[in-house]
Amino acid sequence: MSGKHLLEIKDIETCFKTDGKMVCAVDGVSMYLNPGEIIGIVGESGSGKSVTMMSMLQLIASPGKITGGEVYLEGNSKNMLEYGPQSEEMRKMRGGKVSMIFQEPMTSLNPVLTIGYQIRENIMLHLKLSKEEAKERTIQMLKMVNIPDAEQRYNYYPQQFSGGMRQRIMIAMAMSSEPEVLVADEATTALDVTTQAQLLEMIRDIAKKTNTAVIIVTHNLGIVARFAERIYVMYSGRVMENAEAGELFASPEHPYTRALLRAIPRLDDPKDRILIPIDGLPPNPATRPDYCPFYDRCEYRMDRCKECKRPELREVSPNHYAACLLTEEEKAEKAAEIASKTIKEAPQKTIGSEYCLDVKNVRKYFPVYKGIMKKKVGEVKAIEEITFHARKGETLGIVGESGCGKTTLARCIMRVYKPEEGEILFNGTDIAGFTDKQLQPYRPKMSMIFQDPFSSLDPRQTAESIVGESLKLHKLVKNKAEYDSRVEELFRIVGLDPALKNRVPHEFSGGQRQRIGIARALSSNPDMIICDEPISALDVSIQAQVINLLEDLQAKLGLTYLFIAHDLAVVKHISDRILVMYLGRVVEIAECDELYNNTLHPYTKALLAAVPVADPAVESKRERVPIRGEVPSLTNRPSGCPFHDRCDRVTERCKKEVPLLKDVGNGHMTACFLYDNIPEQ
């Protein structure tokens with residue numbers, strides 16, 4: 001054991017017992033970490049990232065078992081895995097020397113204890129301080145992670161905080177015991193881009209200040225490009241590549257890393273770049289082959305890749321390791337061959353001049369009741385004065401942080417909610433005040449694709465009945481034969497084998513489930529589909545497949561999309577025009593390229609700056625636009641411009657008046673007093 005690394009993991013192997021046999025989920029993973037260093041671990045779901053971290057801390061529950069490997073901490077010559085999971089030494093390591101921040105803060109915090117009590121207990125256990133000293137340190141930690149009014153909020157419960165604030169509390173708790181290693185396991189996945197940027201910058205600053213080493217586990221390549229110094233790429237339970245961040249992005253050596261980078265949309269991409277998905281799915285650990293596990297999906301594969309044993313990591317250039325058999329010459333030859341292949345061109349779509357949807361001054365308020373008598377005491381103004389249009393065949397992207405009213409707006413358009421006032425013109429007819437009976441003929445013409453493909457599909461229905469339900473409901477087929485052929489056609493349209501139609505949702509992968517959701521949305525021949533975060537729950541490689549599918553369908557069927565998302569790189573890739581929302585109001589609307597090249601509203605600027613680009617060279621040159629604070633509550637919205645309390649260009653007028661949307665040229669509209677001297681176009 002070399003004493004130079006803070007943490008070293010050697011050949012760790014973790015297996016799970018399924019159907020009576022042991023299946024290796026993590027198969028000989030080695031990595032190291034130095035004091036104050038930030039490393040990233042990336043890979044698709046199921047590649048073994050989290051299991052590796054859990055194995056290091058001996059947190060693997062039965063039927064899982066760590067079957068081999070060594071873990072050394074602080075240059076100790078004693079292997080930590082030799083101590084039992086419940087031993088004193090392991091307890092000191094967990095939470096004391098190595099802290100972990102998990103993906104979902106609500107399930108990691110105890111809802112019946114105050115946050116102050118939970119952090120204080122941790123400090124008393126690991127730092128052996130008295131109650132008063134521990135309380136003082138807790139308040140100090142809450143201030144360090146920028147929780148306002150830390151003294152009062154010490155006695156708050158987890159549910160009294162927003163998601164971003166809860167994740168800050170988790171960071172405060174993780175850092176409170178002065179750990180030497182901090183593991184952030186997908187810690188910002190469920191958060192908004194702005195909150196994600198704030199939290200990761202905060203983790204980086206705290207780490208540099210306290211010389212804590214950080215492991216960022218994520219599937220977002222942009223995050224590791226911005227924050228990590230070294231990167232491990234994992235696939236099918238093994239490390240495929242390991243290098244300095246700059247080196248890995250500038251010259252990726254393993255075909256898997258190259259494929260990942262081609263599958264993701266980037267903010268600095270040209271609009272017409274085609275995303276190249278990685279075909280197929282990662283191998284099931286139970287049937288993992290003896291040869292290279294990426295072989296079946298690899299564009300570089302050669303016959304000998306299948307004939308040889310699984311390749312081990314080897315040094316391809318100084319401090320750059322890749323597990324690939326091919327020589328540099330073979331890879332270069334294959335890369336040239338791949339580059340010469342004709343890439344499928346972006347489908348040509350036609351955008352009509354008529355409006356499919358025209359929304360004018362729509363407001364939606366929700367009443368607030370209190371007391372035993374349920375007396376109405378106020379209203380939550382969810383969306384106010386929303387005005388926009390979408391042409392036939394166009395994609396309108398709708399972006400903004402959580403709680404800005406995107407989904408409420410979608411539900412008003414679908415008429416799940418009846419708006420307080422305003423007009424919703426769908427194909428020229430105002431449906432805002434229609435009764436259910438009047439809406440009936442319009443229902444089939446509007447569809448929705450939801451965020452989570454699992455919870456939006458009935459687990460007891462077969463895929464066939466989910467897709468075919470609206471055919472029967474809206475009487476779109478005359479007989480059983482017509483029904484069967486239409487269901488099969490819908491399956492083929494979304495790239496699913498009709499032979500799978502008798503399976504139930506849990507028998508499909510995440511990407512396949514989302515395809516079923518898309519087939520269901522298409523079944524009623526709609527004119528417009530609202531896509532509500534349709535890819536945020538999917539892996540990088542599957543995201544590319546779903547985006548390409550949506551673009552193909554739009555070109556073929558002339559559909560209009562409202563595409564709601566918080567990943568601005570995806571929105572830029574798929575949209576023709578973009579609408580930016582903040583606290584229930586529209587702050588900017590423009591053509592896609594116009595919005596990205598000539599951003600006007602301070603909020604949009606902050607939103608774009610928060611999105612990391614998967615390239616450290618580009619990241620280092622980008623301008624940082626800091627965004628302060630959290631999104632205010634809708635029940636306590638600020639007076640005047642909704643963004644004034646977080647804006648760095650605020651004036652007295654912003655605090656009193658609400659700016660209205662105005663056209664500043666090129667069809668670019670913004671709601672900001674900074675552009676008041678520009679004449680209305």
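For the cavity view further down, Ala, Val, Leu, Ile, Met, Phe, Trp, Tyr, Cys and Pro count as nonpolar, Asp, Glu, Lys and Arg as charged, and the others, Gly among them, as polar. This is a predicted model, where local features need pLDDT of at least 70 and side-chain atom pairs count only at pLDDT 80 or more, while totals for chains, interfaces and linings use all residues. Residues are numbered from 1 along each chain as its sequence is written, and side-chain values use heavy atoms, with hydrogens and water left out.

**View A. Strand β7, covered on both faces.** Strands here are DSSP runs (E, at least two residues), numbered from the N terminus. β7 spans residues 213–218, and 6 of its 6 residues are buried (under 20% relative accessible area, 1.4 Å probe, protein chains only). Ala213, Ile215 and Val217 sit on one side, with Val214, Ile216 and Thr218 on the other.

**View B. The partners of β7, strands β3 and β6.** Strands pair if DSSP finds at least two bridges between them. β3 (residues 38–42) runs parallel to β7, joined by 5 bridges, and isoleucine 38 stands opposite valine 214. β6 (residues 181–185) is also parallel to β7, again with 5 bridges; here alanine 184 faces isoleucine 216.

**View C. The largest cavity, about 100 Å³ of space.** Its lining has 14 residues, and the closest to its centre are Cys292, Cys298, Cys305, Cys324 and Leu325. The lining residues split into 12 nonpolar, 1 polar and 1 charged. A cavity is a set of points on a 1 Å grid over the protein atoms alone where a 1.4 Å probe fits but cannot get out, and lining residues have an atom within 4 Å of a point.

Conventions:
Buried < 20%, exposed > 50% of the residue type's maximum accessible area, 1.4 Å probe, protein only. Helix = DSSP H or I, 4+ residues; strand = E, 2+ residues; numbered from the N terminus. 1 Å grid on protein atoms, 1.4 Å probe; cavity = no way out; pocket = protein on both sides within 12 Å on 5 of 7 lines; lining within 4 Å. Points joined across faces, edges and corners; volume = space filled by probe spheres on them.
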